[in-house]
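Trainee: I'd like to zoom in on a single part of this protein. Could you walk me through one place where two helices meet, and then show me what surrounds it?

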Amino acid sequence: MDWLVFSLISRVFWAGDNIVDKLLIGKYIKNPYILTLLGGITPLIISIFIFLLYKLEWIGLIPTIVIFLAGIIQTIAVFAFYKALAKEEVSRVIPLFQLTPVFVLILSAIFLKENLAINQYIGFILILFGGSFISLKRIEGVLKLREAFGWMILSSSIYAIQAIMIKSLYVNYSYLDLTFYHGIGIFIPTFALLTFSSKSRSSFIKEFSNLNITGWLIVGLAAIFIAGAYISGLWAFRTGSASLISVLRGFQSIFVFIFSLVLSIWLPKILKEELTSGALLVKVIAISLMLIGLFFIA
């Protein structure tokens, strides 16, 4: 069950990155697309360390192309998510990320021949429902999304395809070899944008040249969280079911809530979480459902 532990650890790191992103956007980095470019640099650094400390082996042309593509399309998924945020309120967009586990469940059954046990299906449903529930501030209008709904379908489906691609490789090839190539793949869009797009390059330079010491420390913290999430998440794919790993992303909302709650109590000037009795009740119910679902899976 090490896949379960590392998958949850990955969600803890991603939740930490979400909190840091909230602190960065608006106050330190005005353009959220710059964070997408930053997300492409961190895996490259990991790939460099792997190259320096580990003797890489050639995994073959087709696997290399597949793992490169798995990294490249991640940037497209992030871009689609930001486009959806530009069209609709975040409270209406985030719950649609729960479409990803559904897509993964279908694709893993078709391409990976993964079949879950009855108790795992029950856990899957409970976690999926709880993850959707905890993400909702209000549910009115979710089904009325127009262009934003299309962007989230694109983002969720790409993340699902990426999960299938990664899982198909990590069960057959070395973790470090694949992680090296995957990190390069994630960096390719960032490299292309910074090299061939003068607008992206100038925005990137402008944002980071205006950062003060605090801003740089927060950026460094974000990079650490991304690295931790990246390494632990990929390790989970070695032995875990793609569909179960995907649905566990719902726990990210729990960890975001916990981090936000702690900051709201101890550092309310930095981040404020909604602490009304109604909001807390909804989140307690959602967390309970997801923990019961985790019990069924484990």
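Mentor: Here is a look at one helix pair, followed by the rest of the fold. Keep in mind that this is a predicted model.

Let's start with helix 8 (residues 175-196) and helix 9 (residues 198-209), whose axes come within 5 Å and cross at roughly 95 degrees. An angle from 65 to 115 degrees counts as roughly perpendicular, so that is the label for helix 8 against helix 9. On the helix 8 side, the residues at the meeting point are Leu193, Leu194, Thr195 and Phe196. They meet Ser198, Ser200, Arg201 and Phe204 of helix 9. Sorted by class, this contact has 4 nonpolar, 3 polar and 1 charged residues.

Now step back to the whole chain. The protein has 13 helices and 0 strands, so you can trace it from end to end as an α-α-α-α-α-α-α-α-α-α-α-α-α pattern. Of the contacts between residues at least 6 apart in sequence, 88% join residues at least 24 apart. Buried residues account for 50% of the 298 in the protein. On the outside, about 14,900 Å² is exposed, and carbon and sulfur atoms supply 72% of that.

What about the inside? In soluble globular proteins, nonpolar side chains tend to be buried together. Here the largest nonpolar core has 75 residues, and Trp3, Leu24, Ile29, Tyr170, Leu248 and Phe251 have the most contacts inside it. Helix 7 (residues 147-170) gives the most to this core, with 11 residues. Take Leu248 as an example: leaving out residues up to four places away in sequence, Leu248 touches Trp3, Leu4, Ser7, Leu8, Arg11, Ile127 and Leu294.

Two single residues are worth a click as well. Thr42 sits in helix 2 (residues 33-53). With a relative accessible area of 6%, Thr42 counts as buried, because the cut-off is under 20%. Beyond residues up to four places away in sequence, Thr42 touches Ala223, Ile226 and Ala227.

Lys113 is the other one, in the loop between helix 5 (99-112) and helix 6 (118-135). Lys113 is exposed, at 63% relative accessible area. Check the backbone there too: most residues other than glycine have a negative phi. Lys113 is not a glycine, yet its phi is positive, at about 60 degrees.

Key
Residues are numbered from 1 along each chain as its sequence is written. This is a predicted model: local features need pLDDT of at least 70, side-chain atom pairs count only at pLDDT 80 or more; totals for chains, interfaces and linings use all residues. Side-chain values use heavy atoms; hydrogens and water are left out. Axes are lines fitted to C-alpha atoms, for helices over the stretch in contact, and angles run from 0 to 180 degrees between N-to-C directions. Helices (H or I, at least four residues) and strands (E, at least two) are DSSP runs, numbered from the N terminus. Angles under 35 degrees count as roughly parallel, over 145 as roughly antiparallel, 65 to 115 as roughly perpendicular and the rest as oblique. Contact means heavy atoms within 4.5 Å. Ala, Val, Leu, Ile, Met, Phe, Trp, Tyr, Cys and Pro count as nonpolar, Asp, Glu, Lys and Arg as charged, and the others, Gly among them, as polar. A nonpolar core is a set of buried Ala, Val, Leu, Ile, Met, Phe, Trp, Tyr and Cys residues joined through side-chain atoms within 4.5 Å. Buried means under 20% relative accessible area, exposed over 50%, partly exposed in between (1.4 Å probe, protein chains only). Accessible areas come from the Shrake-Rupley method with a 1.4 Å probe; for residues, only the protein chains shown count as cover.
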